[in-house]
Amino acid sequence: MLPFKLVYSDDYYLPIGSHVFPAEKYKRIHDRLLASGIAEPSDFVTPHSATDEDVLLVHTPQYVKKLKTGTLSPREQMELEVPFSPALVKAFWLAAGGSILAADYALGDGVAISIGGGFHHAFPDHGEGFCMIHDVAIAIRRMQRDGKIRRAMTVDCDVHQGNGTAAIFAGTRTASEPLPSMPNSPMNPLHRAKTPAKTKMHTGHAGDVFTISLHQENNYPVWKPPSSIDIDLPDGIGDDDYLAWLDNALSSGLRQFEPDLLCYIAGADPYREDQLGGLSLTIEGLKKRDELVFRVAKTRGIPVMVTFAGGYAQNVEDTVTIHCNTIVAAKEVHTA
Ligand SMILES: [Zn+2]
C-alpha cells in the first residue's frame, strides 16, 4: 500500500477523438500501476466534479457561462485546440474536482497525486493549448477559501510555460530582474548550434501564490506572462543541466517564500522523444526530477499535490512510464 492517495476516475478521459493529446493515458497509467504492483485498488480515491462555485473562484462568470451553454466563439474554440463538447466540459470539471481532492489529501498525508489535471494554459477568461479550465488554480483558491492554506507554490515542470498559472496569480508582482545565469554545458553541441542564448532565470515578487516554471523558451506559448520565477531553457537541454536549474529554482523560490502547499505540475513532455517538446531529458532524468521535488518538499515539511499535465511521446507507453515513475519517486522519497 502506498503512503499516500492516488486520485483517479475513468471519467478523466477527455472525449477529444484522435488527437496528439493521448486522452487514454490516464486509464493506461491506472492499469499499469495495478498490473505492476506499484499500487493496489485501495490506494485510489474517486473524485467528484468541481462545483461551478469552485470554478468561479478562478474563472470569469462570462467564460463559465459560455462553457456551460456551449456558446464559445469559433475563435475561442480554435484557441482551445480540442473539440468543444458538453462532455468535454464535464471531464474538465471532474479534473478540477480531482485536483481539489488531491490538494486536500496532500495536506493530510504530505503528498497526493491526481492521475490527471495540470491544465496550466487556461486563463480566467479563456482556455487554450488543450486546457479549458485551470484545475490547479481552482484547487489552490478552494483550499484558501476553506481556510486550509494561506500560501501556495506552483512548480511547473511541463516543457511548456505555465502561462495561465502566471496570469491567474500575477498578484502584486514587481518588475522582474534577470539573475546571473549558469553557463550552458559546453558538452552539448545542441546548445551552441541551435541556441546561442544562455538559460535565463527571471524572478519577481509574488502575492499569496508563488509560481515557478521551467520550460523550453522556443516553444508554445509565444507570449509568456511572467511567473514568479521563469527558467527559460534552451533547446535540447539534457538531464544534468535541467536538474541543476530545477534545484536552483526551488532553492531560490523557497528562500523567498514559505508555502503551505506545493503544487507540482509534472509534465512528461520534457522527454527527449516528445512530439511537442524540444528538450532532451531521459526517462531516468525525469524520475530524478520528480525525486528532487519530493525530497526538497519533504525536507522542509511542505505537502505536495501532483498533477500530470502534458506528455506526447512518440510511443504513448513512454509517457505512461514517465507518469508512473512520478508515483514510484513519491513512494521512494516518502517511505525512506
Ligand atoms: Zn506541455
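What is the site of the zinc ion like, judged by the angles among its four donor atoms? In this predicted model, those angles run from 52 to 152 degrees, and the site is irregular. Four donors count as tetrahedral if all angles lie between 85 and 135 degrees. For comparison, the ideal angle for four tetrahedral donors is 109.5 degrees.

The donor atoms come from three residues that can be found by number. Asp158 is listed twice, each time through OD, while His160 gives ND1 and Asp269 gives OD. The distances to the zinc ion are 1.9 to 2.8 Å. Along the chain, the donors follow the spacing D-x1-H-x108-D. His160 sits in the loop between strand E4 (152-156) and helix H7 (163-168), and Asp269 sits in the loop between strand E9 (261-265) and helix H10 (283-299), so the pair ties together parts that are 109 residues apart in sequence. His160 and Asp269 are both buried.

Next, look at helix H6, residues 135-145. Eight of its eleven residues are buried, so the rest of the structure largely encloses this helix. Among the buried residues are Asp135, Val136, Ile140 and Gln144. Just after H6 comes Gly147, with a positive phi of about 75 degrees.

On the other side of H6 in sequence is the loop between strand E3 (111-114) and H6, where Gly129 lies. Gly129 has a relative accessible area of 8%, so it is buried. Leaving aside residues up to four places away in sequence, Gly129 touches Glu79, Leu80, Glu81, His121 and Tyr220. The C-alpha atoms of Gly129 and Pro83 are separated by 12 Å, and these two residues are 46 residues apart along the chain.

Two of the residues that Gly129 touches, Glu81 and Tyr220, lead to backbone details. Most residues other than glycine have a negative phi, and most peptide bonds are trans. Glu81 has a positive phi, near 65 degrees. Glu81 belongs to the loop between helix H4 (74-80) and helix H5 (86-109), and it is partly exposed, at 42% relative accessible area. Tyr220 is joined to Pro221 by a cis peptide bond, with omega about -5 degrees. Pro221 is placed in the loop between strand E7 (209-216) and strand E8 (229-233).

Ala309 also has a positive phi, of about 50 degrees, although it is not a glycine. The loop that holds Ala309 runs between strand E10 (304-307) and helix H11 (316-335). Is Ala309 buried or exposed? Ala309 is buried, with a relative accessible area of 4%.

Helix H11 leads to the last part of the tour. The axes of H11 and helix H1 (residues 25-35) come within 9 Å and cross at roughly 60 degrees. H1 and H11 are therefore oblique to each other, and H1 passes H11 in a right-handed crossing. On the H1 side, the residues that meet H11 are Lys25, Arg28, Ile29, Arg32 and Leu33. Their partners in H11 include Val316, Val320, His323 and Ile327.

Helix H10 holds Glu291. With 17% relative accessibility, Glu291 counts as buried, the cut-off being under 20%. Not counting residues up to four places away in sequence, Glu291 touches Ala329, Glu332 and Val333.

Technical notes
Residues are numbered from 1 along each chain as its sequence is written. This is a predicted model: local features need pLDDT of at least 70, side-chain atom pairs count only at pLDDT 80 or more; totals for chains, interfaces and linings use all residues. Side-chain values use heavy atoms; hydrogens and water are left out. Buried means under 20% relative accessible area, exposed over 50%, partly exposed in between (1.4 Å probe, protein chains only). Helices (H or I, at least four residues) and strands (E, at least two) are DSSP runs, numbered from the N terminus. Donors are N, O and S atoms within 2.8 Å of the metal (3.2 Å for Na, K and Ca); water is not among the atoms, so sites may look incomplete. Four donors count as tetrahedral if all angles lie between 85 and 135 degrees; four count as square planar and six as octahedral if opposite donors are over 155 degrees apart and all others between 65 and 115; anything else is irregular. Axes are lines fitted to C-alpha atoms, for helices over the stretch in contact, and angles run from 0 to 180 degrees between N-to-C directions. Angles under 35 degrees count as roughly parallel, over 145 as roughly antiparallel, 65 to 115 as roughly perpendicular and the rest as oblique. A crossing is left-handed if the near helix is turned anticlockwise from the far one by less than a right angle, and right-handed if clockwise. Contact means heavy atoms within 4.5 Å.
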